[in-house]
Amino acid sequence: MAASGTNSRQSELGDFLRSRRQKLTPKAVGLPVGRRRRTPGLRREEVAELAGIGVDWYIRLEQGRSVSPSAATIDALARALRLTKAEHRHLTELTQNADRRPFVRETVPPAVRRAVEQLNLPAYVTGRRWDILVWNAAAEEIFAFSRLAEADRNSLLSVLTNPATRQLFGASWADEARRIVAQFRATHDLWAGDPAFRDLLARLREGCPEFAGWWEAHDISGVAAGRKSLIHPKKGRLKLEYASFQANDDPALKLVIYTMV
């Protein structure tokens with residue numbers, strides 16, 4: 001994925017910068033409003049001025065051309081664009097070395113698998129592409145992962161394209177779906193151009209009418225603990241709290257554990 005992956009990542013970097021720029025107003029960054037603007041947000045030269053960098057250089061970044069910004073420049077851009085901590089981290093990662101091997105679905109070590117299966121709390125393990133790799137009986141009772149074909153065992157596909165999961169979330173589905181899209185976007189951009197990720201995006205676009213709009217927004221969110229309210233067909237309303245952990249055996253693996261609240 002070396003050449004195409006690098007170009008794809010640079011393209012995602014440009015799109016991300018442009019999306020953040022277009023969401024800012026002159027008033028928000030202390031600039032005079034001036035005459036009416038043809039397009040929303042700040043102008044490129046305004047971002048460059050706020051960050052203290054050359055306009056041509058910033059334009060190269062937005063155009064996805066090969067540029068290697070320093071850590072100080074990244075920090076300056078983050079301040080100029082009023083990025084959140086998650087967005088700042090994402091900007092930093094997008095500018096780092098993009099050389100990667102093609103994505104390969106992860107294998108869960110036996111010890112991790114046994115630990116998950118023996119937990120009494122609902123738990124499952126996902127990989128980089130958010131594939132659901134291992135789960136226990138308590139998670140099966142709620143999410144019914146075994147009823148999905150192996151190719152469909154993916155957190156995004158489950159939430160965005162599976163009617164049963166949509167019913168499970170009820171009125172909170174749209175908020176939950178948009179949240180995980182913003183979280184996944186941070187991972188996707190680092191793997192942009194990889195065939196496995198392209199395939200996943202194609203399936204999401206086809207199976208979820210709302211996905212395209214959320215994806216175009218290029219929102220970035222960090223992964224954090226939280227709560228979910230579900231309407232289960234057999235168990236009734238469930239209020240769950242969840243937290244996630246990386247596995248030392250393979251940092252690509254994420255263990256998600258739920259507790260009742």
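In what order do the five strands of the open sheet lie? The points below start there.

1. The sheet. This is a predicted model. Its open sheet has five strands in the order E2-E1-E5-E4-E3. The pairing is antiparallel. Strands of a sheet pair through backbone hydrogen bonds, either parallel or antiparallel.

2. Edges and twist. Strand E2 (132-135) is one edge strand of this sheet, and strand E3 (226-232) is the other. Each of them pairs on one side only. On average, neighbouring strands of the sheet are turned by 30° against each other, with direction ignored.

3. E3 with E4. Start from the edge strand E3. A hairpin of three residues connects E3 to E4. The two strands run antiparallel and are joined by seven bridges. To find this pairing on screen, pick Gly226: its bridge partner in E4 is Tyr242.

4. E4 with E5. How many bridges join strand E4 to strand E5? There are seven, between residues 236-246 of E4 and residues 254-260 of E5. This pair also runs antiparallel. Two bridge partners help with the register. Leu240 is matched with Met260 of E5. Glu241 is matched with Thr259, again in E5.

5. Helices H2 and H3. Now leave the sheet. Helix H2 covers residues 44-51, and helix H3 covers residues 55-62. They pack at an angle of about 115°, and their axes are 9 Å apart. Angles of 65 to 115 degrees count as roughly perpendicular, so H2 is roughly perpendicular to H3. The crossing of the two helices is right-handed.

6. The H2-H3 contact. Which residues make it? From H2 come Arg44, Glu45, Val47 and Ala48. From H3 come Val55, Tyr58, Ile59 and Glu62. Sorted by class, the contact of H2 with H3 has five nonpolar residues and three charged ones. No polar residue takes part in this contact.

7. Salt bridges. A search of the whole structure gives 20 salt bridges. One of them is formed by Arg185 and Asp15. Their closest N and O atoms are 4.0 Å apart. A salt bridge here requires the nitrogen to be within 4 Å of the carboxyl oxygen. Where do the two residues sit? Arg185 is in helix H10 (residues 173-188), and Asp15 is in helix H1 (residues 2-23). The pair links distant parts of the chain, 170 residues apart.

Conventions. Residues numbered from 1 in each chain as written. Predicted model: local features only at pLDDT ≥ 70, side-chain atom pairs only at ≥ 80, totals over all residues. Heavy atoms only, no water. Pairing = 2+ DSSP bridges. Helix = DSSP H or I, 4+ residues; strand = E, 2+ residues; numbered from the N terminus. Axes fitted to C-alpha atoms, helices over the stretch in contact; angles between N-to-C directions. Parallel < 35°, antiparallel > 145°, perpendicular 65-115°, else oblique. Left-handed = near helix turned anticlockwise from the far one by under 90°. Contact = heavy atoms within 4.5 Å. Nonpolar A, V, L, I, M, F, W, Y, C, P; charged D, E, K, R; others polar. Salt bridge = Lys/Arg side-chain N within 4 Å of Asp/Glu carboxyl O.
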